[in-house]
Amino acid sequence: MNTEHQLLGDERQGEATMVEQLSDKLTGKKLYVESYGCQMNFSDSEIVASIMAQAGFETTRNSEEADVILLNTCAIRDNAEQRVRNRLTQFQKDKRENPNKIIGVLGCMAERLKSQLLEEEKLVDLVAGPDAYRDLPNLVHEVGTGQKAVNVLLSREETYAEITPVRLDTNGVSAFISIMRGCDNMCSFCVVPFTRGRERSRDPESIVAEAHDLYNRGYREVTLLGQNVDSYRWNITKKNEIIDAEKETVNFAQLLEKVALVNPGLRIRFSTSHPKDMTDDVLHTMAKYENICEYIHLPVQSGNSDVLHRMNRGYTREWYFDRIDAIRRIMPDCAISTDIIAGFCGETEAEHQDTVSLMQAVKYDFAYMFFYSERPKTLAARKFEDDVPEVEKKRRLTEIIDVQMAHSLISNQKAVGKIHKVLVEGDSRRSSEHQCGRNTQNVMCVFPKKGNKSGDYVNVKVTECTAATLLGEIVE
Ligand code: 5AD
Ligand code: SF4
């Protein structure tokens with residue numbers, strides 16, 4: 001027993017010395033990180049900046065002066081990958097002028113394209129998958145010794161729980177907190193379970209501690225992030241065995257409550273909810289606490305039950321309507337947004353019209369809308385033909401976007417004439433005479449300045465609107 005501990009101790013000491021040596025070598029170097037895709041990627045980049053800071057790297061917003069450039073990539077749709085490739089080609093030009101510059105790919109494209117990016121196209125020196133960020137200082141060091149460095153191992157445990165993110169591009173008011181990683185849902189169109197691995201929850205204590213720390217540093221809004229927050233569960237194994245019978249388990253509703261209690265002045269948002277898992281408990285917790293925002297992002301993907309079945313979403317049109325009814329019953333003023341995919345495999349015109357009719361019935365306040373793009377390895381790529389012609393996909397998408405634009409405008413028009421509690425985020429992009437911030441329903445409001453600072457709550461009387469923004473003025 002003793003020898004075993006001794007060995008472990010020695011190993012750890014060895015690790016520590018190596019990190020110290022590395023950080024000596026890397027101190028004073030500059031890191032530039034660029035993020036693509038979902039909020040989770042932006043949040044991961046802040047973990048990456050923290051790990052690299054411990055190894056001596058300072059972050060810079062200027063890629064030209066950087067010693068290491070890392071692109072945190074997205075693989076969800078083909079066009080996201082194309083954008084990253086174009087950017088890598090641009091950085092290659094910089095590298096010709098400065099051959100010591102290290103260029104790395106992180107995130108969801110890492111696993112998919114490691115050999116292609118490193119060997120065939122020679123676009124990058126380093127590739128690290130979403131669970132390999134602790135290894136980044138070593139990987140950078142390996143590149144320095146002339147090797148190509150890769151780590152795309154996915155983990156069942158990694159949650160980066162104890163790492164305090166370095167907030168990048170921050171307004172000092174709102175921040176992301178990652179509460180879980182990976183996804184087990186296997187929606188047939190989606191590449192995420194392959195690129196980000198199995199679902200695992202982060203311990204509630206470190207989440208609450210991060211929220212406290214953010215509040216103490218002046219932040220006033222946190223967004224809890226997970227691919228499917230409703231399946232957040234702590235202290236339970238994947239086989240549903242309780243790890244420690246003495247300890248209570250924590251589900252998402254309970255976690256929300258713990259974070260809401262951090263401080264009534266800290267607003268809570270979360271994303272993404274899953275219609276198959278969203279419970280009334282979560283809705284009741286939202287209704288109970290004024291500081292949990294009245295806004296739910298509930299991706300429907302399609303309004304037709306057969307398409308939903310082919311998508312492997314785990315619910316029907318009727319089930320989805322039941323969840324919408326529950327939201328309206330428990331929180332009549334709650335805003336609802338969604339994700340919709342047009343032209344999934346085998347989608348007929350009648351099935352597409354079911355999506356339009358579902359939109360007409362729900363009247364979403366906001367939506368992210370896409371046409372289907374086949375992703376390698378997914379269930380859909382293996383089982384179904386991508387048979388809706390591109391022009392048809394785009395026509396259906398345009399129809400969906402037009403319907404949504406009208407609904408977003410109606411939703412904002414309803415806000416006109418009312419007073420909204422808005423958290424000031426900073427100056428408006430268009431004018432330094434104006435400030436902007438969101439109401440609880442997540443709509444951006446713009447109003448003339450009246451001496452308030454970022455992070456203050458103000459009451460704004462809305463006088464006008466567009467489909468995207470509310471305009472108004474601060475009232476007492
Ligand atoms: N094609 C088009 N849209 C997709 N999404 C995920 N995978 C695909 C795909 N292969 C959309 C879904 C999801 C959002 C994040 O991206 O609507 O909810
Ligand atoms: Fe992808 Fe479905 Fe998981 Fe969302 S829930 S990340 S769409 S597999």
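Here are some notes on a predicted model, going through one strand, one helix, the aromatic pairs and a single asparagine.

1. Start with strand S3 (68-73), which sits among the elements discussed below. Six of the six residues of S3 are buried, so the rest of the structure largely encloses this strand. Both faces are covered: Val68, Leu70 and Asn72 point to one side, Ile69, Leu71 and Thr73 to the other, and all of these are buried. Note that Asn72 and Thr73 are on that list along with the aliphatic residues.

2. What does S3 pair with? Strand S1 (residues 30-35) runs parallel to S3, with five bridges between the two, and S4 also pairs with S3 in the parallel sense, over six bridges. If you want a register to check against, Leu71 is a handy residue to pick: Glu34 stands opposite Leu71, and Leu71 in turn stands opposite Val105 in S4. Getting from S3 to S4, the chain goes through H3, and this β-α-β crossover is right-handed.

3. Next comes helix H4, covering residues 108-120. Its 13 residues span 19 Å from first C-alpha to last, close to the 18 Å expected at 1.5 Å a residue. Even so, don't treat H4 as a straight rod, as there is a bend of about 70 degrees at Lys114. After the helix you'll find Lys122 with a positive phi, near 50 degrees.

4. Which residues of H4 are buried? They are Cys108, Met109, Ala110, Leu113, Leu117 and Leu118. The cover over them comes from several elements, including strand S3, helix H3 (78-97) and strand S4 (102-107). Strand S5 (126-128), strand S6 (149-151) and helix H6 (192-196) are also among the covering elements. So S3 turns up twice in these notes: as a strand paired with S4, and as part of what covers the buried residues of H4.

5. On to the aromatics. Searching the whole structure turns up eight aromatic pairs. One of them is Tyr315 with Tyr320, a tilted pair at 6.0 Å centre to centre and with 35 degrees between the planes. Both Tyr315 and Tyr320 are buried.

6. Why does the pair Phe344 and Phe384 count as edge-to-face? The ring planes are at 80 degrees, with centres 6.3 Å apart, and planes over 60 degrees apart get that label. Phe344 belongs to the loop between strand S15 (335-342) and helix H12 (349-362), while Phe384 is in the loop between helix H13 (379-383) and helix H14 (390-415), so the pair ties together parts 40 residues apart in sequence.

7. Are those two rings equally hidden? Phe344 is buried, at a relative accessible area of 0%, whereas Phe384 is partly exposed, at 22%. For Phe384, the cut-off matters, because buried means under 20%. Both also belong to one aromatic cluster, made up of Phe189, Phe344, Tyr372 and Phe384.

8. Last, a look at Asn251, which is located in strand S12 (residues 250-251). With 22% relative accessibility, Asn251 counts as partly exposed. Which residues does Asn251 contact, leaving aside neighbours within four places in sequence? Those contacts are with Tyr232 and Arg233. Asn171 is another matter: 80 residues away along the chain, its C-alpha is separated from that of Asn251 by 30 Å.

Key: Residues numbered from 1 in each chain as written. Chains lettered and ligands numbered in written order. Predicted model: local features only at pLDDT ≥ 70, side-chain atom pairs only at ≥ 80, totals over all residues. Heavy atoms only, no water. Helix = DSSP H or I, 4+ residues; strand = E, 2+ residues; numbered from the N terminus. Expected span 1.5 Å × (residues − 1). Bend = angle between axes of the 7 residues up to and from the residue. Buried < 20%, exposed > 50% of the residue type's maximum accessible area, 1.4 Å probe, protein only. Contact = heavy atoms within 4.5 Å. Pairing = 2+ DSSP bridges. Right-handed = clockwise from strand over helix to strand, strands pointing away. Phe/Tyr/Trp six-rings, centres within 6.5 Å; stacked < 30°, edge-to-face > 60°.
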